[in-house]
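Reader: Hi! I'm new to this one and would love a friendly walk through it. Could you put it up on the screen?

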Amino acid sequence: MNIIVFDLEWNQMEKRFLKEDSPTLFEIIEIGAIKLNKDWAIESRFSSLIKPQIYPRLNRITENLIHIHMKELKNQLPFPSVYKSFSNFCGEDFLFATWGSLDLLELQRNMAYYHLPPLGTGPIPFLDVQKLYSIAKSDGKSRITLEHAVEELELEKDIPFHRAFSDAYYTAKVLQAIQSEELLKMVSYDTFHLPHTKKEEIKVRFPGYEKYITREFAEKTDIMHDREVASTRCYICHKNIKKKLRFECFNGKHYTSIAYCPEHGYFRYKVRLKKTEKGTYYGVKTAKQIPFEDYLKYKEEREKLRALRKQKKKVYKSNSSK
Ligand SMILES: [Zn+2]
């Protein structure tokens, strides 16, 4: 399998030039990519500017950052043609890699705008090199810029930044520097297209945790009523295990639960409720093995939150009865 490391440059008109019915899309004006083979070596390169069809002028910030002018873009091919060449360049058996998660999302938004066939039937796996860099070199949570990573790794800055090809090239260089078989398994999922059916839902096991992306739901409240979402299963022995703390939500965003497997210990489940651009909902559930001490901490915190909630209710009731 090859890895297609790509980067995009896009444009959106300044607000004062936008009409009421203007689409709120970042229009892609350049695609740059590097193909890495299974030995992580550069096999081929792709670079193309794109003739804008949506916004007739460039945002000044874009123009200054990437040093491209409209005059230059007007002689290029439009997005659907360039995308076709890019798709041919990618081939059949590949995994996308990008710095951060925005590029794959914007690529798909532009594809949808031109009614091009989607990349797949559901969420698209990809390597988020910015995240992988943090996992390899830092705490896995912090995020730094591509340029900063290139400096930290003391890679040669042989071409200027902020053009699609150069940023794809540096992202590929970073990936080469941190590559490992383990890292290759740490895929992220782009959820521009969600699973349509129960069968298409995504469940992946990572070192130390499991991730589950549900299908689309019409109502937010439907998610926690789904049997699979509300279940607590040990992802090691696959048995349904007993809840120690039932699913509860204290912040309006996610539900947590803790369950205990007699064989494999404590597990924490977290369900994040997410809204799509269409106004539908889906859930991302993670299950993580935790030590007994963490269970105690969760238990204590929950008791505090519950007391706080009770108190708030009391205040509300006494205020509304006045
Ligand atoms: Zn178990």
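Reader: Thanks! To start somewhere specific, where is H67 placed?
Author: H67 sits in the loop between helix 1 and helix 2 (70-73). Helices here are DSSP runs of H or I with at least four residues, strands are runs of E with at least two, and both are numbered from the N terminus. Residues are numbered from 1 along each chain as its sequence is written. Please keep in mind that this is a predicted model: local features need pLDDT of at least 70, side-chain atom pairs count only at pLDDT 80 or more, and totals for chains, interfaces and linings use all residues.

Reader: Is H67 buried or exposed?
Author: H67 counts as exposed because it has 11 C-beta neighbours inside 10 Å. The cut-offs, with C-beta atoms placed from the backbone, are 20 or more other C-beta atoms within 10 Å for buried, 12 or fewer for exposed, and partly exposed in between. H67 also has a positive phi of about 55°, although it is not a glycine.

Reader: Which other loop residue has a positive phi without being a glycine?
Author: W40 has one, at about 65°. W40 lies in the loop between strand 2 and strand 3, and it is partly exposed, as 14 other C-beta atoms lie within 10 Å.

Reader: What about confidence, how does the chain score on average?
Author: The average pLDDT, the predictor's confidence in each residue from 0 to 100, is 92 for the chain, and 98% of the residues score at least 70. Among the elements, helix 1 (residues 60-66) has the lowest mean, 82, and helix 3 (residues 79-90) the highest, 98.

Reader: Switching to the sheet, in what order do the strands run?
Author: The order is 3-2-1-4-5-6, in an open sheet of six strands with mixed pairing. Two strands pair if DSSP finds at least two bridges between them. Strand 3 (42-49) and strand 6 (188-190) are the edge strands, each pairing on one side only.

Reader: And how many bridges link strand 5 and strand 6?
Author: Three, in the antiparallel sense, with strand 5 covering residues 124-128. P125 stands opposite Y189 in strand 6.

Reader: Last topic: into which domains is the chain divided?
Author: Domain 1 covers 2-188 and domain 2 covers 196-310, with bounds from an automatic or database domain assignment. Their centres, taken over C-alpha atoms, are 33 Å apart. Four residues from domain 1 and four residues from domain 2 make the contact, where contact means C-beta atoms, placed from the backbone, within 7 Å.

Conventions: Contact = placed C-beta atoms within 7 Å.
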